Amino acid sequence: MRFDPLVAAAAVCAVTALLCAWAAIAALRRPSGVVRVGAGGIALLLALALLAAGGLSGALAVGLSGYRALTREEIAATVRTAPTGPQSFEAHFAFTDGREARYALTGDQFAVEARIIKWHPWANLLGLHTAYELDRVTGRYAKLEDEQQRPRTVFSLAPEHPIDVFAWRARLPWLAPLVDAEYGSSTFTRADRPATFEVRVSTTGLLVREVP
């Protein structure tokens, strides 16, 4: 299993919060006195703060579970295309996590979109690195007139998330100090002949290369 700093931080916060809560209960059960109440109150507040920090770390870990940490250019998926008719083709995706899927698309090209989250450098110390997730694949027409009039096809490439970090960022402005940038990236190429392509992702976005 891959080590996840966010999960580890959540676990440490949870254990420390339990210890602080135990200390608060022990302090409050002692004979009455200002010191007893003060020590118990401080320990209780510390336990609540640690629980909040642990909850945030756990939520981020869950929200980023479908994203892959990105430190350099890497292959996100291998795509094999095969024409099935005029301006129609099948795209077979082989993802790096072992998943495979086939999509029947219309158009002259296929386009892949991804969502990318870039954290501030100091957040890297918490284990938060630039992360990406393939979002969707669409059929694309070479001519604008076809794009406006011909049938369009689009399929999701991303799994369902119990927590959507992109949505969180929009609803919770206080996450802004953590996030440097959040953006979408797209790349497309021809699909009018049998071929194999590598969809690659880097910190600057997506690109696609044909495999000889």
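**A walk through the predicted fold**

Read from the start of the sequence onward, the protein chain runs α-α-β-β-β-β-β-β-α-β-α-β-β-β. The model is a predicted one. In all, its secondary structure amounts to four helices and 10 strands. The protein chain has 212 residues, of which 38% count as buried. Its accessible surface is about 12,100 Å², and carbon and sulfur atoms account for 61% of that area. Contacts across the sequence can be put in figures too: among those between residues at least 6 apart, 60% join residues at least 24 apart.

The sheet is a convenient place to begin. Five strands form an open sheet in the order β4-β3-β2-β9-β10, and their pairing is antiparallel. The edges are taken by β4 (100-106) and β10 (205-210); each has a single partner strand, so one side of each lacks a neighbour in the sheet. From one strand to the next, the twist averages 25°.

Within this sheet, one pairing can be followed at the level of residues. Strand β2 (residues 74-85) and strand β3 (residues 88-95) run antiparallel and are joined by eight bridges. Val79 stands opposite Phe93 of β3.

Phe93 leads on to the interior. The largest nonpolar core has 24 residues, and Phe93 is among those that touch the most other members, together with Phe95, Tyr103, Phe110, Val112, Leu134 and Leu157. The elements that contribute two or more residues to this core are β2, β3, β4, β5 (109-119), β6 (131-140) and β9 (195-202).

Val112, another residue of that well-connected group, shows which parts of the sequence meet here. Setting aside neighbours within four places in sequence, Val112 is in contact with Phe93, Leu134 and Leu157, three residues that also belong to the group touching the most other core members. The remaining contacts of Val112 are Arg136, Val137, Ser185, Ser186, Thr187, Val199 and Leu206.

Back in strand β3, a polar residue deserves a look: Ser88 has its place in this strand. Is Ser88 buried or exposed? Its relative accessibility is 19%, so Ser88 counts as buried, the cut-off being under 20%. Not counting residues up to four places away in sequence, Ser88 touches Pro83, Leu105, Thr106 and Gly107. Of these, Pro83 falls within the residue range of β2, while Leu105 and Thr106 fall within that of the edge strand β4.

Methods: Residues numbered from 1 in each chain as written. Predicted model: local features only at pLDDT ≥ 70, side-chain atom pairs only at ≥ 80, totals over all residues. Heavy atoms only, no water. Pairing = 2+ DSSP bridges. Axes fitted to C-alpha atoms, helices over the stretch in contact; angles between N-to-C directions. Core = buried A, V, L, I, M, F, W, Y, C linked by side-chain atoms within 4.5 Å. Buried < 20%, exposed > 50% of the residue type's maximum accessible area, 1.4 Å probe, protein only. Contact = heavy atoms within 4.5 Å. Areas by Shrake-Rupley, 256 points an atom, 1.4 Å probe, with all protein chains shown as cover.
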